[in-house]
Amino acid sequence: MRNFFSALIAVCLLTSCSTTTYYISRHAEKASPGMGGSSDVPLTEQGTQRAAALAQLLKNKKLVQVWATPFIRTQATAKPAATMHNLPVRTYAASNTAVLDSVRNVKNGAVLIVGHSNTVDDLVNGLLNKKQLQDLPDEQYGDLFIVQKRGNKLSFSQQKIQ
């Protein structure tokens, strides 16, 4: 029996049996643009509650990285989960999917990436290497998109953040 488990571990190591889970979310509900017309706005009270719900949803996951664009609303959405896991929120440019190169290097862990209605699809599609999503409608909040990589096999699912 001991030889069986030793062989199984060796096979897993040789065939990359690692599991990485990517959680991709749009920022939570945002406030309306301010008097100056700035689009860099904070979360609403409902958005703050949804960010806390996202953190609770990921509470028992093995988060090893948290990423968000530099905007107030994405940082505020990511911060509760990052704090819960004692991680910093790493920043990436919304217009740049180079973050995918960084997160693809994660093995045996989970990554949270917070983006925007017009970037979440690029992140999911980039991780899956195929077109799965389109831009989200501006009024759509509360979806968590999950890409899981086991060895070389990719799977996709989604769930609601309540």
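## A walk through the sheet, helices and salt bridges

Student: Before we start, what kind of model is this?

Tutor: Good thing to settle early. What you have above is not an experimental result to be read off directly; the model is predicted.

Student: In what order do the strands of the open sheet lie?

Tutor: The sheet is built from 6 strands, and their pairing is mixed. Neighbouring strands are turned against each other by 20° on average, direction ignored. Reading across the open sheet, the order is β3-β2-β4-β1-β5-β6.

Student: Which strands stand at the edges of that sheet?

Tutor: Look for strands with a single partner, because such a strand has one side left without a neighbour in the sheet. This describes β3, residues 89-91, and β6, residues 153-160. The edge strands are therefore β3 and β6.

Student: What is the bridge partner of Val66 in β3?

Tutor: Start with strand β2, which covers residues 63-68. It runs parallel to β3, and 3 bridges join the two. For Val66, the partner in β3 is Val89.

Student: At about what angle does helix α5 run to β1?

Tutor: Helix α5 spans residues 120-128 and lies across β1, β4, β5 and β6. Against β1, residues 19-26, the helix runs at about 165°.

Student: How many residues in the contact of α2 with α3 are nonpolar, polar and charged?

Tutor: Let's first picture the pair: α2 (residues 45-57) and α3 (residues 72-84) pack at about 35°, with their axes 8 Å apart, and α2 passes α3 in a right-handed crossing. On the α2 side the contact is made by Ala51, Ala52, Leu54, Ala55 and Gln56. From α3 come Ala76, Thr77, Pro80, Ala81 and Met84. Sorted by type, the contact has 8 nonpolar, 2 polar and no charged residues.

Student: Is Leu43 buried or exposed?

Tutor: Leu43 sits in the loop between β1 and α2. Beyond its sequence neighbours within four places, Leu43 is in contact with residues including Ala28, Glu29, Ala51, Ala76 and Thr77. Its relative accessibility is 13%, and the cut-off is under 20%, so Leu43 counts as buried.

Student: How far apart are the C-alpha atoms of Leu43 and Gln75?

Tutor: Along the chain these two are 32 residues apart. In space, their C-alpha atoms are separated by 9.8 Å.

Student: What is the relative accessibility of Ser18?

Tutor: You'll find Ser18 in the loop between α1 and β1. Not counting residues up to four places away in sequence, Ser18 touches Lys107, Asn108, Lys149, Arg150 and Gly151. Ser18 counts as buried, because its relative accessibility is 16%.

Student: Which residue forms a salt bridge with Glu29?

Tutor: The count of salt bridges comes to 4, and in this one the closest N and O atoms are 2.7 Å apart. Glu29 lies in the loop between β1 and α2 and its partner in helix α2, so the pair ties together parts that are 21 residues apart in sequence. Glu29 counts as buried at 9% relative accessibility, and the partner counts as buried at 17%. That partner is Arg50.

Student: How far apart are the closest N and O atoms of Asp143 and Lys160?

Tutor: Asp143 lies in strand β5 and Lys160 in strand β6, so this salt bridge ties together parts that are 17 residues apart in sequence. Asp143 counts as buried at 7% relative accessibility, whereas Lys160 is partly exposed at 46%. The closest N and O atoms of the pair are 2.9 Å apart.

Terms used. Residues numbered from 1 in each chain as written. Predicted model: local features only at pLDDT ≥ 70, side-chain atom pairs only at ≥ 80, totals over all residues. Heavy atoms only, no water. Pairing = 2+ DSSP bridges. Helix = DSSP H or I, 4+ residues; strand = E, 2+ residues; numbered from the N terminus. Axes fitted to C-alpha atoms, helices over the stretch in contact; angles between N-to-C directions. Contact = heavy atoms within 4.5 Å. Left-handed = near helix turned anticlockwise from the far one by under 90°. Nonpolar A, V, L, I, M, F, W, Y, C, P; charged D, E, K, R; others polar. Buried < 20%, exposed > 50% of the residue type's maximum accessible area, 1.4 Å probe, protein only. Salt bridge = Lys/Arg side-chain N within 4 Å of Asp/Glu carboxyl O.
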